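Work through the following exercises with the sequence and the model side by side. Each task is followed by a solution that goes step by step.

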Amino acid sequence: MTFRATVLTLYPEMFSGPLDISLAGRAREAGTWSLETVQIRDFATDKHRSVDDTPAGGGAGMVMRADVLARALDHSAPPGDPRPRLLMSPRGRPLTQARVRELAAGPGAVILCGRFEGIDQRLIDARGLEEISIGDYILSGGEPAAMVLLDAVVRLLPGVMGNVVSGEEESFESGLLEHPHYTRPKEFEGREIPEVLTSGNHAKIAAWRHEQAERLTAERRPDLWQAYRPRGGGKA
Ligand code: SAH
């Protein structure tokens, strides 16, 4: 089964590159997922091919037009297309590993990338778009956000990551940040690899890693730590 991604954007050319290399690129070649980009401007109907207009009520910047976007969306994902329709937006629900997992288990995604001040609210309401944010900062467009989302999803598709276990132990999967990593050389600028990691005692190593994960989470992410503790984890 192929995960089908369709991205609606004013800058389709941004998408070749980042998603063509490494894991994502190989998985695309293997047919694990597909990426179609749709030029929103192709759905403009006036002679200037305009996709935006001045904001109702005044103010700075431009707003993307609902009618043009609706045509682009209905063409790319006609009624009955089972894929979720996503809008990258700083006002959206913050993207989480849990949502990434759900998306990866589904048939694909149709992703709308905003530009300018954003898009006409009526399009969001009329097409039931799910707004997703990648963090509390403002990008100049939804394209980098869509790439972030797709990168996170694609690596979870079956067969993409060589080592499946590594996915399960990662930050957020357990509700904790991940423990620190070390590799050779044994000494680097006077700093040693923590002794337990070279002890060969797998139970001790697992316990050490778990302690480190708890310590880091408690220190750096009180929000995650609060959510984790009721599940029977930490003591701090
Ligand atoms: N005026 C808007 C920001 C528009 S930024 C506001 O204050 O909310 C232009 C486009 O970039 C948005 O429509 C959205 O598609 C994208 N974008 C910007 N920041 C983003 C973020 N943190 N997450 C996801 N998409 C974002």
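## Exercise 1: Two neighbours in a loop

Task: In this predicted model, decide whether Gly135 is buried or exposed, and then do the same for Ile134.

Solution. Begin with Gly135, which has 11 C-beta neighbours inside 10 Å; because a residue with 12 or fewer is called exposed, Gly135 counts as exposed. Turn next to Ile134, which has 20 other C-beta atoms within 10 Å; since the cut-off for buried is 20 or more, Ile134 is buried. Now place the two residues: Ile134 sits in the loop between β7 (130–133) and α5 (143–154), and Gly135 likewise belongs to the loop between β7 and α5. Finally, look for the partners of Ile134, which touches Leu95, Ala145 and Val148 when residues up to four places away in sequence are left out.

## Exercise 2: The annotated site and the ligand shell

Task: Find which residues UniProt lists for "binding site", and describe the shell around the ligand by class.

Solution. The unreviewed UniProt entry lists Gly114, Ile134, Gly135, Asp136, Tyr137, Ile138 and Leu139 under that heading. In the model, 18 residues surround the ligand, and those that come nearest are Met88, Gly114, Leu139, Gly142 and Ala145. Sorted by class, the shell consists of 8 nonpolar, 7 polar and 3 charged residues. As a last step, ask which element supplies the largest share: strand β5 (residues 85–94) does, with 4 residues.

## Exercise 3: Checking a helix

Task: Compare the expected span of α5 with the distance between its end C-alpha atoms, and name residues of α5 that are buried.

Solution. The helix α5 has 12 residues, and at 1.5 Å a residue it should span 16 Å. The end C-alpha atoms of α5 are 16 Å apart, so the expectation and the model agree. For the second part, the buried residues in α5 are Glu143, Ala145, Ala146, Met147, Leu149, Leu150, Val153 and Val154. When reading such a list, recall that an α-helix has 3.6 residues a turn, so residues three or four places apart point the same way.

## Exercise 4: Unusual backbone geometry

Task: Determine what is unusual in the backbone at Phe116, at Phe172 and at the peptide bond from Arg184 to Pro185.

Solution. Start from the general expectation that most residues other than glycine have a negative phi and that most peptide bonds are trans. Phe116 has a positive phi of about 60°; Phe116 lies in the loop between β6 (108–113) and α4 (121–126), and with 17 C-beta neighbours inside 10 Å it is partly exposed. Phe172 also has a positive phi, near 80°; Phe172 is in the loop between α6 and β8, and its 16 C-beta neighbours inside 10 Å make it partly exposed. The peptide bond from Arg184 to Pro185 is cis, with omega near 5°, and Pro185 is placed in the loop between α6 (164–168) and β8 (187–188).

## Exercise 5: The whole chain

Task: State how the protein is divided into domains, and how many helices and strands it has.

Solution. The domain assignment gives domain 1 (3–154) and domain 2 (169–231), whose C-alpha centres lie 36 Å apart. Counting elements gives 8 helices and 9 strands. The C-alpha atoms fill a box of roughly 70 × 40 × 40 Å along the principal axes, and of the 236 residues, 27% count as buried.

Conventions:
Residues are numbered from 1 along each chain as its sequence is written. This is a predicted model: local features need pLDDT of at least 70, side-chain atom pairs count only at pLDDT 80 or more; totals for chains, interfaces and linings use all residues. UniProt positions are given in the numbering used here, feature names are shortened, and annotations may be inferred rather than shown by experiment. Two residues are in contact if their C-beta atoms, placed from the backbone, lie within 7 Å. A residue is near a molecule or strand if its C-beta atom, placed from the backbone, lies within 6 Å of it. Ala, Val, Leu, Ile, Met, Phe, Trp, Tyr, Cys and Pro count as nonpolar, Asp, Glu, Lys and Arg as charged, and the others, Gly among them, as polar. The expected span of a helix is 1.5 Å times one less than its number of residues. Domain bounds come from an automatic or database domain assignment.
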